[in-house]
Amino acid sequence: MAVFKPENVEDFYEIGEILGSGHFGQVRLVCERSSRTNYAGKFVKIRKSACSRLGQDRGSLEREVEILHLLQHPNIIFLKDVFECRAELVLILEFVSGGELFDFIAEKEVLLESEAITFMKQILEGLRFMHGKNIAHFDLKPENIMLSDKSAPNPTIKLIDFGLAHRFLPDEEYKCSSGTPQYLAPEVINSEPLTTAADMWSIGVITYILISGLSPFQGDNDDETLLNVLATKYEFYDQYFSNTSSMAKGFIDRLLVKDSNERMTAEDCLHHPWIKPITRKQMARRNRSSINMKSFKRFNARRKWKMSYNMVRMCNRLFQACKGRSDSDSLQRQCESDVEDTETKPASLLRRRLSSSS
Ligand code: ATP
């Protein structure tokens, strides 16, 4: 069992504004008192008993921490410290000030494929490192791809949220049906044994969206989306892909492959001509092709709207659950997982952890 610092985090860090919220808690800006350096503190409630649905179980938090300790790479969020205080765990993470990559891109008027590739390359480098250690992220989506500092000339990608990540032991058979429908690989939906290749499917979906502003398998509801993924039918519609290079389409085609053994690995991707052109002609094609910004902006605006909508819904449920309680301090740090979910939900495990942007 991992031992975390038993001291009160507030003795070492000043707790500041909320940076974001997840299913299991809040992420807040924290400032180390001794160095005056900013970090992000991820506050997660620990589940009290196995039958409770409140908070996250200690075992999975320990796994997330162990994995983060193993992943020291410039494109992966760095974990500095972990505190355990009362029934709460606080992960002190490197502060990522540049926001989400998709928001950064959506602010632009024009983006060449070659510029988008500089970000893709960093994501793939982070993944190559992670997969080289037999660790899969299993929750790759735009919300989990951030930028360290967007005012820098070449902002650095940081992959965040290792809550679903898994480290494979030799010959281990691992299954998991959690994630966000539109980014899930078919083998996840089918509850088949998983490998790091599931992440590569998500990279295929993210690249398709980045280029066109369309989500390849998005249906009118989650069930429809999951069926679309299983059918693995997608197209490069002319009206959305008119400025896309054939290399970009070829890159996506090598990732959105149903058979996970046939998919490109992160290493393969880094050698694909779209990422690493060999000829001048290939290089020139990337500089002539561009992202469909109009459609991308629309996708991102809708994504943000859905996130806000889900946040309001979550707050309403919290408010209902806390009505009558006078404990305002604990209310401040509440999260969705603090509320026993009384809604009737379909049996599908997938629905237990639908993303805020699903
Ligand atoms: P989810 O419900 O998506 O699994 P979670 O509870 O695991 O979320 P995170 O995804 O790690 O939490 O963080 C939630 C949000 O907090 C992020 O979307 C991001 O906006 C913000 N955030 C997380 N880590 C950092 C960081 N290191 N620096 C700045 N902001 C961060």
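This is a short walk through one predicted model, from the whole chain down to single residues.

Two ground rules. Numbering starts from 1 along each chain, following the sequence as written. Because the model is predicted, local features need pLDDT of at least 70 and side-chain atom pairs count only at pLDDT 80 or more, while totals for chains, interfaces and linings use all residues.

Start with the whole chain. There are 12 helices and nine strands. Helices are DSSP runs of H or I with at least four residues, strands are runs of E with at least two, and both are numbered from the N terminus. The chain has 358 residues, and 38% of them are buried. Buried means 20 or more other C-beta atoms within 10 Å of the residue's own; exposed means 12 or fewer; partly exposed is in between, with C-beta atoms placed from the backbone. Now contacts, meaning two C-beta atoms, placed from the backbone, within 7 Å. Take the contacts with a separation of 6 or more: 66% of them join residues 24 or more positions apart.

Next, the domains. Domain 1 covers 9-94 and domain 2 covers 99-306. Those bounds come from an automatic or database domain assignment. Their centres, taken over C-alpha atoms, are 26 Å apart. At the interface, 10 residues of domain 1 contact 17 residues of domain 2. The domain 1 side of that has seven nonpolar, two polar and one charged residues. For these classes, Ala, Val, Leu, Ile, Met, Phe, Trp, Tyr, Cys and Pro are nonpolar, Asp, Glu, Lys and Arg are charged, and the others, Gly among them, are polar.

Now the ligand. Which residues are closest to the ligand? Gly 20, Gly 22, His 23, Ala 40 and Asp 161, out of 19 that surround it. The cut-off is a C-beta atom, placed from the backbone, within 6 Å. Strand 1 (13-21), strand 2 (25-32), strand 3 (38-45) and strand 5 (88-94) each give two or more residues to this shell. Strand 1 has the largest share, with three. Both domains take part: each supplies at least three residues. By class, the shell has nine nonpolar, six polar and four charged residues.

Stay with strand 5 for a moment. Strand 5 pairs with strand 4 (79-85), antiparallel, over six bridges. To pair, two strands need at least two DSSP bridges between them. One bridge joins Cys 85 to Glu 88. The two strands form a hairpin with two residues between them. In that turn, Arg 86 has a positive phi of about 50°.

On to helix 6, residues 222-231. Thr 225, Leu 226 and Val 229 are buried there. Seen down the axis, the buried residues fall within an arc of 95°, so they line one face of the helix. That arc is taken from the directions between the helix axis and the C-beta atoms. Helix 4 (186-189) is part of what covers them. Right after helix 6 comes Thr 232, with a positive phi near 50°.

Last, two loop residues. Most residues other than glycine have a negative phi. Asn 134 has a positive one, near 60°. Asn 134 sits in the loop between helix 3 (113-132) and strand 6 (135-136). It is partly exposed, because 15 C-beta neighbours lie inside 10 Å. Ser 191 also has a positive phi, about 55°. Its loop runs between helix 4 and helix 5 (197-212). Ser 191 counts as exposed, because it has 12 C-beta neighbours inside 10 Å.
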